[in-house]
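This report looks at charged side chains and at strand pairing in a single model. The sequence and the structure come first, and the description follows them.

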Amino acid sequence: MKRILLLLTLATGALLVACTGDSKFPVATGKASISAINAIFASPTVNFVIEENLLGQIQYKEATGSQSFDDLNFTFNFDIFVVGANTPNRFASQNIDFVAGQHYTILAAGSIASPELTVWEWPEREFADTDTIFQARFAHTSNSLNTTAIDVYFALEGVAPVAGAEVATLNFGDISNPLDFEADNYVVTITTSGDPLDVIFTSKPAILLARSDLIITPFDGDANDVGPVVVRGFNAAGGAVAFQEVLGLSTLQFLHTSIDMGVSDIFDDEALTSQIQTGHAYQDLTTNILIAQGTPQFFYTPTGDTTMVSLETGISVVAGLRFRLIAFGSDGNYFGTTMALNHRSIDTAGKLLYFVASNNQDFTDLYLIDADAVLDEQLPFFPAALSNAANPALPVVPGSYDLYVTPFQEKEVLAGPFRLDVADGDVVDMVVFDTIDPAVMDIVVYPIP
């Protein structure tokens with residue numbers, strides 16, 4: 001018994017010594033902050049994670065907001081969800097030993113299969129309430145220009161770029177030192193390095209506010225963008241200033257989904273003197289036309305007849321993007337709806353763009369089943385699709401499928417089987433139409449320009 005008591009006493013004493021001695025655990029002395037930018041051209045949504053806690057979700061050309069943590073050592077991870085998998089796929093990680101008062105931005109570039117992470121670091125900026133300046137850093141994140149050094153000019157409207165006036169000369173993955181500017185309207189011009197006349201991009205003037213802390217950087221335009229290069233300015237909250245290209249043009253295509261409106265001409269003026277489409281028939285999808293930012297009105301008339309307007313509809317155009325105007329309705333009640341196109345492909349799945357143009361069905365179920373499988377007992381791939389309304393892009397595991405459309409919560413086939421072969425990176429632009437028979441629908445896949 002005495003031996004046991006002695007051992008307990010020694011153990012207790014050792015514990016007290018350990019508790020009163022120097023701790024081996026790191027102790028925070030302050031805070032540092034972190035954000036991330038996604039420059040992976042064909043990535044799906046990327047989850048930015050500290051250890052196992054989500055900090056933000058970012059698409060290509062997006063950034064997370066800045067978030068603060070103790071000045072300790074952390075591992076930051078980049079995850080994606082692959083279609084059909086139950087757990088996220090961790091494709092990149094970065095360890096950072098935080099220093100108090102510093103800000104860190106991780107640039108994710110390359111590809112999901114071969115990611116490239118770059119860490120940018122600089123002191124956190126604090127502004128006085130009376131400051132009229134903002135801080136900007138300039139970076140190079142355009143993949144197509146990754147072998148090209150660029151010069152960045154940043155000036156008030158009307159100031160042409162001249163050699164020696166550039167605010168930064170950058171290679172891919174570089175970021176400049178911070179510079180202060182008075183709040184005003186500024187133009188971003190990007191040229192090949194050393195040649196101010198070889199202009200890659202010029203923006204319209206953008207309003208930049210005092211006490212902002214910005215990273216301004218170019219990206220490659222994707223299939224949803226009109227221009228080959230787009231420029232974003234990211235603030236500490238993760239919000240983006242879109243530096244619109246100086247011409248500010250978008251594209252618009254017209255889709256005719258009203259089975260009884262008839263073949264139409266389309267005008268862009270109320271006087272019906274400016275015809276922009278002729279012979280626009282049911283199921284026709286026009287080619288893209290260039291259109292300026294604004295809120296234009298369009299007027300549909302029966303082809304060759306300007307004595308009546310079948311449909312008047314307006315849209316709101318954001319510069320630099322691609323849009324589709326869809327005419328729908330029946331029995332003399334015709335409407336227009338506009339959607340921004342989502343044709344950007346991703347490396348890790350196919351993408352199905354699905355629109356139901358129906359006056360006979362309010363809701364339908366979409367089935368996407370293995371080729372030659374039996375429809376009975378299958379669950380809908382996309383249930384309760386609302387007619388004449390935009391749907392989210394649907395990621396699809398690569399494979400060969402049969403597609404069916406049925407009334408909501410029924411197995412009666414309205415359309416199908418429609419064979420659909422999908423590979424990683426494919427974008428399938430599909431519309432389901434009414435036919436003369438209310439019990440039959442028609443499936444049309446349009447080529448991506």
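## A salt bridge with an exposed partner

In this predicted model, arginine 419 and aspartate 372 join their side chains in a salt bridge, with 3.0 Å from N to O. The two residues belong to distant parts of the chain, 47 residues apart, since arginine 419 sits in strand β33 (residues 415-422) and aspartate 372 in the loop between β29 (363-370) and β30 (382-386). Arginine 419 counts as partly exposed because its relative accessibility is 41%, whereas aspartate 372, with a relative accessible area of 63%, is exposed.

## Further salt bridges and a network

The count of salt bridges in the model comes to ten. Another of them is formed by aspartate 70 and lysine 31, whose side chains meet at 2.9 Å, N to O. This pair also links distant parts of the chain, with aspartate 70 in strand β5 (residues 67-70) and lysine 31 in strand β1 (residues 31-38), 39 residues apart. Aspartate 70 has a relative accessibility of 29% and therefore counts as partly exposed, and lysine 31, with a relative accessible area of 47%, is partly exposed.

Where in the chain do aspartate 222 and lysine 61 lie? Aspartate 222 is found in the loop between β17 (213-220) and β18, and lysine 61 in the loop between β3 (53-58) and β4 (62-63), so the pair ties together parts that are 161 residues apart in sequence. The closest N and O atoms of their salt bridge are 3.1 Å apart. Aspartate 222 counts as buried at 8% relative accessibility, and lysine 61 counts as buried at 11%. Through salt bridges that share partners, Lys61 and Asp222 are joined with Asp225 and Arg344 into one network.

## A buried aspartate without a salt bridge

Aspartate 269, placed in the loop between β21 (264-267) and β22 (275-280), is buried yet has no salt bridge. The nearest side chain of opposite charge is that of lysine 204, 22 Å away; because a salt bridge requires the nitrogen and the carboxyl oxygen to be within 4 Å, this separation does not qualify.

What does the side chain of aspartate 269 reach? The side chain of aspartate 269 comes to 2.9 Å from the backbone nitrogen of serine 274. When residues up to four places away in sequence are not counted, aspartate 269 touches Ser274 and Phe299.

## The four-stranded sheet

Strands β21 and β22, which flank the loop of aspartate 269, also take part in an open sheet of four strands with antiparallel pairing, in the order β22-β21-β24-β25. Its edge strands are β22 and β25 (311-314), each of which pairs on one side only, and the twist from one strand to the next averages 20°. Within this sheet, β21 and strand β24 (residues 297-302) pair in the antiparallel sense over four bridges, and serine 264 stands opposite proline 302 in β24.

## The five-stranded sheet

Strand β17, which precedes the loop of aspartate 222, belongs to an open sheet of five strands with mixed pairing, in the order β13-β10-β17-β18-β19. The edges are formed by β13 (179-182) and β19 (240-243), each pairing on one side only, and neighbouring strands are turned by 30° against each other on average, direction ignored.

Strand β18 (residues 229-234) pairs with β19 in the antiparallel sense over four bridges, and phenylalanine 234 stands opposite alanine 240 in β19.

Note on methods: Residues are numbered from 1 along each chain as its sequence is written. This is a predicted model: local features need pLDDT of at least 70, side-chain atom pairs count only at pLDDT 80 or more; totals for chains, interfaces and linings use all residues. Side-chain values use heavy atoms; hydrogens and water are left out. Two strands pair if DSSP finds at least two bridges between them. Axes are lines fitted to C-alpha atoms, for helices over the stretch in contact, and angles run from 0 to 180 degrees between N-to-C directions. Buried means under 20% relative accessible area, exposed over 50%, partly exposed in between (1.4 Å probe, protein chains only). Lys and Arg count as positive and Asp and Glu as negative; His and the chain ends are not counted. A polar contact is a pair of N or O atoms within 3.5 Å; within protein, one must be able to donate a hydrogen and the other to accept it, and residues adjacent in sequence count only if both atoms are side-chain atoms. Contact means heavy atoms within 4.5 Å.
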